[in-house]
Amino acid sequence: DEKTQKIMDEVVRLKKEKNAIILAHLYQRPEVQEVADYVGDSLGLARTAANTDAEVIVFAGVHFMAESAKILSPDKIVLLPEIEAGCPLADTITAESLRKKKAEHPGAIVVTYVNSSAEVKAESDIICTSANAVKVIESIPPEREIIFTPDRNLGDYVAKKTGRKLILWDGYCNTHQRLTPDDIRQAKAEHPNAKVLVHPECRPEVVALADGVFSTTGIINYVVNDPGDEFIIGTEAGIMHQLTKKAPHKKCYLASKKLICPNMKLTTIEKVKLALETLEPQIEVDPEIAKKALQALERMLAIG
Ligand code: 13P
């Protein structure tokens with residue numbers, strides 16, 4: 001509506017005034033995605049944060065994403081418009097609980113999903129996202145034991161894909177976990193010609209029913225490039241905005257109405273505007289923690 005458009009215009013003006021860049025995850029609200037300079041998956045967001053010349057990064061996403069941006073770009077101001085936007089999956093593991101696990105498996109390599117705190121990253125050898133988890137695991141010598149944290153569903157998918165045995169953590173994403181095999185079967189009954197594309201944070205029983213398993217950007221690229229024109233989408237609802245924009249002639253059906261991440265929806269266009277006006281709330285990371293976490297993130301980025 002008109003009021004939203006006015007706020008969006010003001011955000012675009014403020015962005016220039018403050019030499020800021022807005023990075024938005026694909027699960028963000030449509031109007032927030034529309035003002036962003038870059039919209040993408042966790043890997044693309046991390047790469048963009050690492051390479052920007054802007055003085056200020058407004059991170060339209062959740063806490064761990066802004067934290068990673070700060071670690072990769074420590075000299076920049078990193079803003080998280082809604083400081084309460086967290087990740088229940090990231091909260092399933094602490095540095096202390098990971099240290100305990102490491103003590104049980106001395107010599108194991110720790111691979112940690114980017115959905116984790118800076119402290120947990122600092123205790124890890126290498127980070128991965130859903131886009132590069134298979135490559136990251138394949139980069140580790142076959143004789144080494146691997147602890148994979150904290151997403152057990154992504155871990156299960158990567159273990160099957162690589163044939164490696166992984167020591168899994170018992171974390172999962174509440175939003176993806178809500179998607180059941182019955183939801184997929186029902187969506188397929190309604191759209192028998194559609195291909196099923198899901199995120200690897202989905203349960204193994206859901207992944208088993210999929211035609212493709214990708215990160216959010218991976219799902220979008222698949223829909224854009226595949227000759228097929230009907231797709232059932234098993235990830236958070238926010239992705240539908242870019243699917244509609246990038247593949248307007250294709251039919252994409254969200255696999256379930258339950259696929260909404262409440263944390264991703266906390267960031268509103270009003271809060272983005274306020275963050276740019278006040279340059280708050282800023283994300284800070286303890287320098288010692290940041291140094292160690294950066295090593296683990298850089299090992300991931302070097303893999304590509
Ligand atoms: P990607 O966008 O990297 O696929 O991650 C999805 C997600 O669950 C982010 O929290």
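**Close-up 1. Polar contacts between the ligand and side chains of the protein.** In this predicted model, an N or O atom in the side chain of His25 lies 2.6 Å from an oxygen atom of the ligand, a polar contact being a pair of N or O atoms within 3.5 Å. The side chain of Thr216 likewise places an N or O atom 2.6 Å from a ligand oxygen, and for Ser130 a polar side-chain atom is 2.9 Å from an oxygen atom of the ligand. Of the 300 Å² of accessible area that the ligand has on its own, the protein covers 96%, with areas taken from the Shrake-Rupley method with a 1.4 Å probe. Residues are numbered from 1 along each chain as its sequence is written, and side-chain values use heavy atoms, with hydrogens and water left out. Local features need pLDDT of at least 70 and side-chain atom pairs count only at pLDDT 80 or more, whereas totals for chains, interfaces and linings use all residues.

**Close-up 2. The shell of residues around the ligand.** There are 13 residues around the ligand, and those that come nearest are His25, Ser42, His199, Glu201 and Thr216; a residue is near if one of its heavy atoms lies within 4 Å of the molecule. The shell divides into 4 nonpolar, 7 polar and 2 charged residues, where Asp, Glu, Lys and Arg count as charged and Gly is among the polar ones.

**Close-up 3. The aromatic cluster of Phe214, Tyr222 and Phe231.** These three residues, Phe214, Tyr222 and Phe231, form one aromatic cluster, and the count of aromatic pairs comes to 2, where rings pair if their centres lie within 6.5 Å, planes under 30 degrees apart being stacked, over 60 edge-to-face and the rest tilted. The pair of Phe214 and Tyr222 is tilted, because the ring centres are 5.2 Å apart and the planes stand at 35 degrees. Tyr222 and Phe231 have ring centres 6.4 Å apart and planes at 90 degrees, so this pair is edge-to-face.

**Close-up 4. Accessibility of the three aromatic residues.** Phe231 is buried, with a relative accessible area of 0%, whereas Phe214 counts as partly exposed at 26% and Tyr222 as partly exposed at 23%; buried means under 20% relative accessible area, exposed over 50% and partly exposed in between, for a 1.4 Å probe and protein chains only.

Note on methods:
Rings of Phe, Tyr and Trp (its six-membered ring) pair if their centres lie within 6.5 Å; planes under 30 degrees apart count as stacked, over 60 as edge-to-face and the rest as tilted. A polar contact is a pair of N or O atoms within 3.5 Å; within protein, one must be able to donate a hydrogen and the other to accept it, and residues adjacent in sequence count only if both atoms are side-chain atoms.
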